[in-house]
Amino acid sequence: MARKTSKQETTTALIVNEKELSVSLEENQMFTNLSSKLAEIGKMKGVIGYIIRNENSATIDLKKPEKLVEYAIFSSQVLDSTRQISNLFELGDVKSILLEGKKDNALCMNIEGNKIGIFLEKDADKSGILKKVSP
Amino acid sequence: MSDEVLGFALKSTMQELQNVCPDITGNFIFKEGNILAKDDNTNEETASQTVDAFYKITEHASIIGGIDAVSIEGVKGKVNIASLKDFHLTTVSSKKADEKYVNTLTRVLIPIVIKLAQEIQSCSTANETIRSDDDAIETIEPELLENEITKEIVEELEPEDTENIQPEELNEEYMIPKLQKENEPAEVEVDNEPLIPEPPVLQLMVENLTGFRVGSDTVRVDQEVIAQWNELYSDKKINEVEIEALNGKTTQCKFKKIKKSKDEGKGIVKMPEKIQVSLEIAAGELVTVKPIVE
C-alpha cells in the first residue's frame with residue numbers, strides 16, 4: 001500500500017507598498033537627473049565644484065577635494081539657517097539661495113529633498129547656472 | 001552723535017525706502033549682533049533670530065572668503081542680507097519685487113546715510129573738543145596764564161642766550177607784549193576772486209548708448225541738466241563731466257544732450273559701452289555725475 005505523503009510549503013507574504021516604491025523610484029530618478037545636470041555645470045567656466053546629497057546618496061565633485069568637509073558643513077549650514085529665516089518671514093519653500101562671498105560665490109538649493117551646493121568663482125554666470133539646475 | 005541718532009536716521013531712511021518701493025515689506029539693519037534700526041513691520045524677535053541665523057552662516061563662510069551678501073528666494077518672497085562694511089542690512093521684499101531696483105535703492109541710500117551720520121558725528125566731536133579747550137582756557141586766571149607762559153619762555157632759552165639778555169628784556173612788561181604779538185593771528189590774505197559754487201553732483205542711472213555716430217568718449221545727459229550747469233556757471237566753460245561709479249572708479253569724458261525726447265527727464269545718463277567697461281559697471285546701475293568747471 002502506497003503511503004500518502006503531503007508536502008507543506010510555508011510561504012511568507014511579501015507586501016509591496018506600491019506608493020512607497022514609486023516615491024522612492026521617483027526620488028532616485030530626480031537625484032540622477034540633478035546629478036547629470038550638475039556634472040554638466042561642473043564643466044562650466046568659473047565653477048569650483050558641487051555637492052548634491054539626499055537621504056540615501058551623495059555626489060561630490062570639487063576642485064579642492066581636501067576642502068570637502070568645509071564645503072559640506074558650509075552648504076549644510078546655509079540650507080538650515082536660510083530655512084529658518086524663510087520661516088521667520090513666511091517666504092514659503094526656499095527656491096534658491098545665493099551667497100556672495102568676498103572671494104567666491106555659492107548657490108544652494110533644496111530640490112525635493114536633494115540638497116545642492118554649487119561653488120562658483122566671482123565671474124561665473126550664476127543666473128545661467130541657476131536656470132540650468134532649476135526644475 | 002550716539003548710535004541712537006544714527007538709528008533714528010536709518011529708521012527714517014528705511015521707512016522712506018518702503019514708501020518709494022512698496023514691494024519692500026520689511027527691513028532692518030544690524031551691527032555686531034545689535035539691531036540698530038528696524039521698520040515698524042518687523043518685530044524685534046524676528047529680527048533677532050534672523051541675526052543669529054546669519055551669524056551661523058558667517059561662522060562657516062571662510063571657505064568663500066566671508067559673506068558680502070545672502071539672497072534667499074522663497075516661493076512667496078525674498079530676503080536679502082547685504083554687508084555694508086560693519087553694518088548688515090536685511091531687506092524683505094515681495095515675490096514680484098524687482099531685485100535689481102531694490103538692491104540699487106538700498107545699497108546706495110543706506111551707505112550714504114551711514115556715511116553722512118558718521119561725518120556729522122566726527123564734526124560734532126571735533127566741535128565739542130574745541131569748545132572744551134576754550135572752556136579750559138577761560139577758567140584759568142589770566143594773570144596765572146601770563147606768568148606761566150613767561151616762565152616757559154625763559155626756561156626754553158639756552159643758557160648762553162640768557163646770559164646775553166639784558167635784565168630789562170626779562171621783564172614781564174617786555175615779554176608779554178612780545179608774546180602777544182607772536183600769538184596774534186597772521187593777517188588773512190583776502191582772495192578777491194569770486195567764489196565758484198561747488199559743482200552739483202547728480203545721481204543718474206546708466207543706460208546703453210549705441211549707434212553708428214556715437215562717440216566712444218561722450219555721454220549724454222538731459223538738456224535741462226546742462227542748462228542748469230550753464231546757468232550756474234554762466235561765465236565758465238564746462239566741456240567735460242566727471243563720472244563716479246559706486247565701486248569708486250571715476251572717469252572724465254565729454255558730454256552732449258540726450259537726443260531722444262522720450263529719454264529726457266528720466267534721470268538717466270546714456271553711456272557708450274567703452275566708458276561702462278572702464279568704470280566696471282553695466283546698464284541699470286547708478287553713477288554720480290558732476291560738471292568739470294574750467
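Which residue in strand 3 of chain B stands opposite A:Ser96? In this predicted model, the residue opposite A:Ser96 is B:Glu73, which lies in strand 3 of chain B.

## Strand pairing between the chains

The pair A:Ser96 and B:Glu73 introduces the strands that link the two chains. Strand 3 of chain A is joined to strand 3 of chain B by seven bridges, and the two strands run antiparallel.

## Extent of the interface

In total, 31 residues of chain A are in contact with 25 residues of chain B. On the side of chain A that touches chain B, the elements giving two or more residues are helix 2, strand 3 (94-101) and strand 4 (104-111) of chain A. Helix 2 of chain A supplies the largest share of this side, with twelve residues.

Sorted by class, the side of chain A that touches chain B has 13 nonpolar residues, nine polar residues and nine charged residues.

## Helix packing across the interface

Helix 2 of chain A spans residues 68-88, and helix 2 of chain B spans residues 44-59. Their axes come within 9 Å and cross at roughly 170°. At that angle, which is over 145 degrees, helix 2 of chain A is therefore roughly antiparallel to helix 2 of chain B.

From chain A, the helix contact involves A:Gln77, A:Val78, A:Ser81, A:Gln84, A:Ile85 and A:Leu88. These meet B:Thr46, B:Gln49, B:Thr50, B:Ala53, B:Lys56 and B:Ile57 in helix 2 of chain B. The residues of this contact comprise five nonpolar, six polar and one charged.

## Hairpins in chain B

Strand 3 of chain B (residues 67-74) also pairs with strand 4 of chain B, in the antiparallel sense and over five bridges. One of the bridge partnerships links B:Ile72 to B:Val79 in strand 4 of chain B. These two strands form a hairpin with two residues between them.

On to the next pairing: strand 4 of chain B and strand 5 of chain B (residues 87-94) pair in the antiparallel sense over eight bridges. Here B:Gly77 has B:Ser94, in strand 5 of chain B, as its bridge partner. The hairpin of strands 4 and 5 of chain B has two residues between the strands, and B:Lys85 in this hairpin takes a positive phi near 60°.

## Burial of strand 4 of chain B

Strand 4 of chain B covers residues 77-84. Six of its eight residues are buried, so strand 4 of chain B is largely enclosed by the rest of the structure.

Key. Residues are numbered from 1 along each chain as its sequence is written. Chains are lettered from A and ligands numbered from 1 in the order in which they are written. This is a predicted model: local features need pLDDT of at least 70, side-chain atom pairs count only at pLDDT 80 or more; totals for chains, interfaces and linings use all residues. Axes are lines fitted to C-alpha atoms, for helices over the stretch in contact, and angles run from 0 to 180 degrees between N-to-C directions. Helices (H or I, at least four residues) and strands (E, at least two) are DSSP runs, numbered from the N terminus. Angles under 35 degrees count as roughly parallel, over 145 as roughly antiparallel, 65 to 115 as roughly perpendicular and the rest as oblique. Two residues are in contact if their C-beta atoms, placed from the backbone, lie within 7 Å. Ala, Val, Leu, Ile, Met, Phe, Trp, Tyr, Cys and Pro count as nonpolar, Asp, Glu, Lys and Arg as charged, and the others, Gly among them, as polar. A residue is buried if 20 or more other C-beta atoms lie within 10 Å of its own, exposed if 12 or fewer, and partly exposed in between; C-beta atoms are placed from the backbone. Two strands pair if DSSP finds at least two bridges between them.
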